Each structure stands twice: as C-alpha cells, then as structure tokens.
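The following paragraphs describe the domain arrangement, the contacts between domains and the nonpolar cores of one protein chain.

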Amino acid sequence: MSKRYDKPIPFGWYAIEYCEQLKVGEVKPLSYFGKELVLFRSETGEAALLDAYCPHLGAHLGHGGIVQGESISCPFHAWKFDGNGMCTNIPYAKRMPPKVDGKQVVGNYPVVERNQMIWAWYHPQGDEPSFEVEVVEELQSEQWTAIDTFDWKINTITQETGENAADIAHFVTVHSAVEMPNGKVTLEGHRRCTLMDSESAAIDEQGTVDRSGDTTDSVRLESWNIGPGQTIQRFSRMFDIIMLGTITPIDDQSIHLRFIFTLPKEQSEMNKLFTHGVRDEIVHQVEQDIPIWENKVYLESPILCDGDGPIAKYRKWFQQFYVS
Ligand code: FES
Ligand SMILES: [Fe+2]
C-alpha cells in the first residue's frame with residue numbers, strides 16, 4: 001500500500017519528554033523521527049538523545065543500558081557512549097579500535113530543556129539548529145499552576161495539525177463555534193502568529209459548556225507557531241490560560257501531540273471553574289479533530305473559497321521546514 005502522506009519529516013525542535021519524567025540516571029527507549037532512539041540523563045543531570053543501536057553489535061541502548069557518569073553503558077558488552085555519541089570506554093579492550101577512537105560513532109541530537117520539557121533538534125541532514133525553542137514565561141512562574149498534561153498519538157503529520165488553526169471554517173462545523181473566528185495572521189520567519197477574537201460558547205458556574213449557541217462570551221486567542229513542533233496559545237480577556245502544544249513526528253505518517261496547560265493561581269472561584277471548563281473544551285476539540293485527521297488525505301491543490309481562512313499562506317510558510 002502506498003503511504004498516505006508523501007512528505008518528509010520537517011526539521012525543527014520537537015518535545016520528546018517532560019523534564020520531570022527523566023530522573024538522573026534514567027534511560028528510556030523512544031521512537032521518533034522514524035528512528036529508534038535512546039534518551040538518558042547523566043549523573044550530572046544532562047539529558048542526551050542518541051540513535052538507539054550500539055555500533056558494536058547492534059544492541060538497543062534503551063533496553064537495559066545503564067548510565068555511568070556522563071555515559072550510557074551498553075547492555076550487551078558494556079561499551080560506553082557519551083551524549084555526543086563518542087565511545088568513552090571499552091572495558092575489555094587493550095586499546096580503542098581506530099574506527100572508534102576520538103570519533104563520533106553513534107548519531108546524536110542537540111537537546112535543550114525548556115518550558116518543563118526536553119526538546120530535541122531533528123534535521124534530516126544533521127544541520128545545526130537554525131532557531132530556538134521559545135520560552136513561555138508562565139511555565140517557569142510561581143504565579144501559575146503546576147502543569148496539566150494531555151497526549152495523543154495520531155495518524156497524521158505535523159503540517160496537518162498546524163493547518164487546523166488556519167482552517168477557520170471548520171471551527172463552526174467541527175467545534176460548534178458560534179461564528180467563524182476572525183484571525184489576523186503575522187508571519188516572521190520561523191514564527192507565525194494568529195490573533196483571533198471570537199464569540200465562544202458560554203460556560204456556566206458549573207463549568208458546563210453551552211453548546212446550543214444561545215449564550216456567548218468574547219475570547220481573545222493569540223496563537224503562535226514556533227517552527228513545526230511548538231505552539232503557544234494565550235487566551236485572554238474573559239479569562240487567562242496558557243497552553244503549550246507540542247507536535248513530535250513519530251515517523252512520516254504519525255505524530256505524538258501533547259497539550260500542556262497552566263492557569264493563574266490567583267483567580268476567582270468563578271474564573272477557576274471557567275478556565276477548567278475551557279481547558280476541557282480545548283481537549284474535547286482536539287478529540288473532535290482526530291477522526292478527521294486520521295482519515296483524510298492531503299490535497300496539494302485543494303479547491304478553496306473566500307471564507308476558508310489563510311490556508312494557502314500557512315502552507316507556503318510551512319514549506320520552509322522541508323528539505324528535499
Ligand atoms: S552491542 Fe553494544 S557493546 Fe556490544
Ligand atoms: Fe480543530
């Protein structure tokens with residue numbers, strides 16, 4: 001069967017784990033970017049991501065590998081590799097083979113920890129990062145709540161989930177929005193902002209969403225795409241919510257989507273109910289999108305109409321993350 005999506009994995013920063021979920025000395029096997037990978041945290045606390053297979057005889061470093069100092073030790077014959085993919089020790093060899101000595105022998109990925117997440121830079125040709133993961137101040141602030149997290153593995157590609165925000169008409173059909181959100185798009189290199197002022201279904205004191213459309217409230221949403229893998233949504237006016245959305249390619253046909261929410265600690269009981277209601281509604285909305293994403297095809301030349309929103313602009317902007 002031919003592939004549903006015929007696009008390469010775009011380059012960029014991708015969230016691969018919550019910082020909290022990788023303790024000192026911990027080792028995890030991961031599958032992202034169409035590869036088997038190993039993530040570990042060294043004894044000094046540095047997170048590192050390597051290709052999983054040991055160059056000696058092919059063992060998976062993420063299944064039984066152990067952290068020793070700054071290196072991971074292979075479960076098969078205990079060769080050790082540091083976060084740069086250099087072999088640091090072969091316990092039973094009198095001297096390092098020339099192929100190994102002073103050379104990188106395992107593929108590695110630049111890693112940063114930001115916004116309570118571990119991010120890896122993926123580039124199909126191994127190019128260095130050309131932009132940064134954007135800091136979300138609220139995620140390091142004492143004034144905002146501990147994060148609430150949600151995640152999904154979905155049969156779709158990074159470009160398609162991002163297109164959702166530009167696809168204005170679907171908010172009415174799929175998400176029961178009262179009217180089409182009025183978005184103003186600004187493009188700045190790898191960053192893209194959509195400012196939306198909308199009337200949303202009202203939420204009562206119990207946090208129940210009125211889906212009838214009889215009562216509404218005004219909501220401002222500033223939605224940022226930072227490269228293909230990071231989105232930041234800032235809700236304001238009626239209430240404040242910050243959502244970090246991360247999209248990580250599992251391979252060229254599927255993604256791992258995560259939503260991370262933080263809310264102001266200081267807010268009225270009424271607003272607390274309200275913000276919880278909105279958070280649940282956002283999660284509900286993605287679950288409304290999933291069956292569409294999982295069954296649709298990508299049309300290179302769709303037939304669009306004047307009310308469709310900036311879909312073509314979004315597609316053009318996204319092209320910058322593909323190298324063919
Ligand atoms: S396979 Fe890893 S040390 Fe031999
Ligand atoms: Fe949607």
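How many ångströms apart do the C-alpha centres of domain 1 and domain 2 lie? They lie 34 Å apart. The model is predicted: local features need pLDDT of at least 70 and side-chain atom pairs count only at pLDDT 80 or more, whereas totals for chains, interfaces and linings use all residues. Residues are numbered from 1 along each chain as its sequence is written, and chains are lettered from A and ligands numbered from 1 in the order in which they are written.

Domain 1 spans 12-122 and domain 2 spans 137-321, with bounds from an automatic or database domain assignment. Contact (C-beta atoms, placed from the backbone, within 7 Å) joins 13 residues of domain 1 to 16 residues of domain 2. On the domain 1 side, β1 (12-18) and β2 (27-32) each give two or more residues; strands are DSSP runs (E, at least two residues), numbered from the N terminus. The largest share, six residues, comes from β1.

The largest nonpolar core, a set of buried Ala, Val, Leu, Ile, Met, Phe, Trp, Tyr and Cys residues joined through C-beta atoms within 7 Å, has 33 residues, of which I16 and W119 touch the most other members. Its largest share, six residues, comes from β11. Leaving aside residues up to four places away in sequence, I16 touches partners including L30, L49, W119 and T248. A second, separate core of 18 residues includes W224 and F261. Buried here means 20 or more other C-beta atoms within 10 Å, exposed 12 or fewer, and partly exposed in between, with C-beta atoms placed from the backbone.

D127 lies in the loop between β11 (117-122) and β12 (148-154), and is exposed because 10 other C-beta atoms lie within 10 Å.

Conventions. Helix = DSSP H or I, 4+ residues; strand = E, 2+ residues; numbered from the N terminus. Contact = placed C-beta atoms within 7 Å.
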